Amino acid sequence: MTKTQTFGIASLGVHLPPLAMKVEELAELRGVDPNKFTRGLGCREIALCPEGFDVVDLATEAARRALSRWDGKLEDIGLLAVGTETAVDMSRPLGAFVASNLGLSGNIRSYEVKHACYGGSVALRQALEWKLSGVSKGKAALVIAADVSLYAPKDPGEPTQGAGAVAMIVDAPTICAIDADTFAYSEPQLDFWRPVGEAYPRVDGPLSLDCYMRGAEHCFRQFIGERDAKAAFAELSDICFHVPFPKMVKKALVHTATALGLSEAETATLYEQKVEPTMRLNQRVGNCYTAALWLSVAHTLAGKDEGARLATFSYGSGFGTELFGLTAGPGAKAAAWMTDVETDLKDRRLIDGAEYERLREANVPAH
Ligand code: HMG
């Protein structure tokens with residue numbers, strides 16, 4: 001019997017926008033108790049794009065950074081898949097804008113994936129399965145998850161806004177191997193959607209929370225299977241979730257662990273040790289939709305010993321969910337991509353409420 005080859009993330013690039021605002025500033029602007037945003041939702045800062053800076057800039061720079069640290073060449077890329085819900089054109093894929101900036105063309109399959117926040121994970125799975133199928137002929141895939149999340153001013157979702165991009169080269173499992181096995185669950189629901197022609201999403205907040213929690217339970221039940229849930233969780237060093245805001249993740253973890261039979265004390269320990277630390281970078285960026293889970297993964301993999309096992313849970317409104325495992329590779333320890341994060345956080349400028357108001361007036365997203 002031939003041994004199945006293992007593939008994974010060979011190089012990672014992250015890009016965060018040049019502006020940010022503390023959620024306390026937003027609370028003051030909206031006349032809300034800041035504790036609602038910090039303690040109630042678990043948010044700290046929202047990353048923001050200045051005028052003239054958009055999702056194409058985020059995606060291009062993340063890709064440039066991933067490519068610059070990879071030992072392959074542009075000609076070795078055979079697939080470019082971009083997951084986003086910040087479309088800049090209804091027909092032309094975001095990847096075409098990025099490819100033009102990178103000078104990437106030739107014998108490449110290039111396309112965009114849309115499924116709300118789940119699009120980046122779908123693109124990653126397709127890239128992995130393209131490698132596993134053998135049709136890649138030894139070429140690598142460039143996968144980008146990039147989004148700018150903006151709600152209408154005064155919308156309850158406003159404190160959860162954010163922006164960012166994560167680029168991943170799928171090839172040798174240098175940073176991490178991706179499990180071929182995967183566990184998906186979906187249901188058609190109207191929890192969060194953006195009608196054609198509208199600049200901002202419409203949200204049924206309570207329904208979206210319920211869908212996320214049910215999706216998590218379905219995926220974790222499949223992942224655990226016949227195993228003892230406590231033993232299965234013990235094998236994982238970390239559990240990364242899509243992070244719309246940290247309280248959502250806590251609610252989903254508590255719901256799922258309880259449904260799987262963990263006690264209140266066991267659930268609290270699981271959250272404190274294996275889930276809460278995975279969201280520290282997300283708290284400084286906000287919800288960057290397709291990139292939110294992969295930002296959490298990038299942060300969590302940094303410094304990990306080879307062999308550490310992570311579980312990743314994707315959620316995209318509409319709704320689609322998927323859970324699969326990663327195993328840290330030899331490149332996780334050095335975490336070269338974290339220089340991107342440190343540089344962007346150091347260089348970005350914190351703005352106040354008055355500047356935020358001016359930015360929002362000037363920067364109504366295209367629709
Ligand atoms: P809201 O309805 O204004 O907030 O917005 P709330 O009244 O439910 O309060 C939130 C929490 O703050 C509650 O805690 C309050 O008790 C607490 P909980 O009871 O839930 O533990 N609170 C306070 N705590 C301390 N001091 C205070 C205080 N006041 C209240 N003074 C909502 C919440 C989620 C609706 C809003 O943020 C929203 O609409 N967000 C967008 C939707 C969303 O993120 N949904 C998450 C699941 S769907 C998803 O993840 C997909 C998504 O990423 C999109 C995609 O897929 O593309 C969004």
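Q: Which residues lie nearest the centre of the second largest pocket?
A: The second largest pocket is lined by 30 residues, where a pocket is an open set of 1 Å grid points over the protein atoms alone that admit a 1.4 Å probe, with protein on both sides within 12 Å along at least five of seven lines, and lining residues have an atom within 4 Å of a point. The model is predicted, with local features needing pLDDT of at least 70 and side-chain atom pairs pLDDT 80 or more, while totals for chains, interfaces and linings use all residues. Residues are numbered from 1 along each chain as its sequence is written, and side-chain values use heavy atoms, without hydrogens or water. Those nearest the centre are Pro 156, Gly 157, Thr 160, Val 203 and Phe 245.

Q: Which element gives the largest share of this lining?
A: Domain 1 (8-175 + 335-362) and domain 2 (183-328) each supply at least three residues to the lining of the second largest pocket, with bounds from an automatic or database assignment. Helix 1, helix 2 (34-40) and helix 6 (205-224) each give two or more residues, helices being DSSP runs (H or I, at least four residues) numbered from the N terminus. The largest share, 5 residues, comes from helix 6.

Q: Which residues of helix 12 make the contact with helix 1?
A: Helix 1 (residues 23-30) and helix 12 (residues 353-362) pack with their axes 9 Å apart. From helix 1, the contact (heavy atoms within 4.5 Å) takes in Glu 25, Leu 26, Leu 29 and Arg 30. From helix 12 come Gly 353, Tyr 356 and Glu 357.

Methods
Axes are lines fitted to C-alpha atoms, for helices over the stretch in contact, and angles run from 0 to 180 degrees between N-to-C directions.
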